[in-house]
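This briefing covers chain symmetry, one helix and the cysteines. Please look over the sequence and the model before reading on.

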2 protein chains.
Amino acid sequence: VSRFHLSLNQITLNRLSVAEVVQACHDGGIRSIGLWREKVAETGREQSARLIADADLTVSSLCRGGFFNSRGAFLDNRRAVDDAAALGAPVLVLVCGGLPDGTRDLDLARARVAAGLEDLVPYAAKRGVRLGIEPLHPMFCSDRSVVCTLGQALDLAERFPPEQVGVVVDVYHVWWDPRLDQDLSRAHGRIAGFHINDWMVPLPEGALLGRGLPGTGCIDLPRIMSAVARAGYEGAVEVEVMNERVWEAPVEETIGTLTTFFDGLEQEAGDGPTAAAAST
Amino acid sequence: VSRFHLSLNQITLNRLSVAEVVQACHDGGIRSIGLWREKVAETGREQSARLIADADLTVSSLCRGGFFNSRGAFLDNRRAVDDAAALGAPVLVLVCGGLPDGTRDLDLARARVAAGLEDLVPYAAKRGVRLGIEPLHPMFCSDRSVVCTLGQALDLAERFPPEQVGVVVDVYHVWWDPRLDQDLSRAHGRIAGFHINDWMVPLPEGALLGRGLPGTGCIDLPRIMSAVARAGYEGAVEVEVMNERVWEAPVEETIGTLTTFFDGLEQEAGDGPTAAAAST
């Protein structure tokens, strides 16, 4: 059996409700889904959990907690853990937050992230939810995450047992990093999620919605996926794409593109022979 | 005497010709200028050199060579060194270039940068021009520079004597880096230029023209300037801002803002007492 399987992060089909994206996964043969709290809240948590269970999908992760420098983070992160537990999400993805408004003290902001994390870990561990620290691309340092590199995320995660705190590797955020290979080796047993998409230029205004579907940009996905596999990760490969044009495209077309691409990626990443054998 | 002085990188006043920007520096009491080859070519190299000499300005740097993965780089970089020598620029700033079009092999692109640099160093050293490797923000990795961190730039520079190859520290590109402090220490004697500006959100489309005037964003400039001073750097602090709104603003207003800001920055960075004593 292949050690990887495709998961659809629901933001890739951001116009759809939970019910609609569950249907799209079912129709497209995708067996796993990454959820967003905002979308789940629209449908209701219990109803979402029921829709997912009825379609026999597994949940790969819940996005997101974190933003440790924001007002209300303390309580909101506890609610995020509760949501993850209720939805059967094994991992709560943490986007750690940027500089507090009007401040310039990166060291302080980073220290507050560490303190916020330390506070949250016991609560999550008790509920069986693993926290996954996602380093964000440095272009988001000021407003979304002062944790900019995999190395930083590991520095934070390694203070806790790996089953309690891991890291989420999103190729969009880390592909450029000259230390990526060594930090992926270091991350052995710590990788709590693997997200794929692609880097495209020019960036759109605001930079957030500039990702491409995997395979459409310049990221060497087979290479990174192989390194992630060597780091002992197996399981969901979540496609997470935030892009207006993808959101406007027909759903079946997007799903078809993704499943076809993923089959090829598994082969290229060197996971192919086993997967092919298992599918015959 | 203060160990720093203000220099105006001419792209900050991109609408002006060399003659006009020389006049603006003279009128505003700025004694140093950073040049761009494209602007110099419009006026002519000898004429530009004469205008600068007549106004008694010093040249802090010439932008730029590099782009080692582009066709024509071999010859163009030699012309860039010739330009720097003719203009009396002590440093040629190198922007190393992104991935070759349609490729995804970062390791190969980086190896080609190293090879291109190795080829260029003897030519530049013979002509008394120091090469300054400028790491660019990782958001420019695909299209402008596969050299994304100060650490990488130092890895490249350290293969050569410091008087031949240094690094250019632009706060916009490095401010987010969790390894900045340690890499600035490591850069002792290697800093060939120091550029200031500021990080603002949201990024504009294409990201290139999103910089703010120093002091208008979230970069802790006094802190970084102190670290640069501890790394043994003295000399020009170049203001390099690429921003449509700054280009549209009245020139005298921009110059006034910069000189006032710089005076305060010197004080805050701990260089103030000496500077104040010298100016009384």
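Which residue follows α9(B), and what is the sign of its phi? The residue is Gly232(B), with a positive phi near 90 degrees. The model is predicted, and the points below are grouped by topic.

**Helix α9 of chain B**
- Helix α9 of chain B spans residues 221-230 and is mostly covered, with eight of its 10 residues buried.
- The buried residues of α9(B) are Leu221(B), Pro222(B), Ile224(B), Met225(B), Ser226(B), Ala227(B), Val228(B) and Ala229(B).

**Cysteines**
- Zero disulfides are found over all chains in a search of the whole structure.
- The closest cysteine sulfur to that of Cys148(A) belongs to Cys141(A) and lies 3.6 Å away; a disulfide needs the two sulfur atoms within 2.5 Å, so this distance is too far for a bond.
- Cys63(B) is also in no disulfide, and the nearest cysteine sulfur, in Cys96(B), is 13 Å away.
- Cys148(A) is buried, at a relative accessible area of 0%, and Cys63(B) is buried at 2%.

**Relation between the chains**
- A turn of 180 degrees with a shift of 0.0 Å along the axis lays chain B on chain A, with an RMSD of 0.0 Å.
- The two copies are therefore related as by a two-fold rotation axis.
- Within chain B, the C-alpha of Glu205(B) is the nearest to the axis, 2.0 Å from it.
- The copies meet through the same surface, because 100% of the interface residues of chain B are also interface residues in chain A.

Technical notes. Residues numbered from 1 in each chain as written. Chains lettered and ligands numbered in written order. Predicted model: local features only at pLDDT ≥ 70, side-chain atom pairs only at ≥ 80, totals over all residues. Heavy atoms only, no water. Buried < 20%, exposed > 50% of the residue type's maximum accessible area, 1.4 Å probe, protein only. Helix = DSSP H or I, 4+ residues; strand = E, 2+ residues; numbered from the N terminus. Least-squares fit on C-alpha atoms with pLDDT ≥ 70 in both. Contact = heavy atoms within 4.5 Å.
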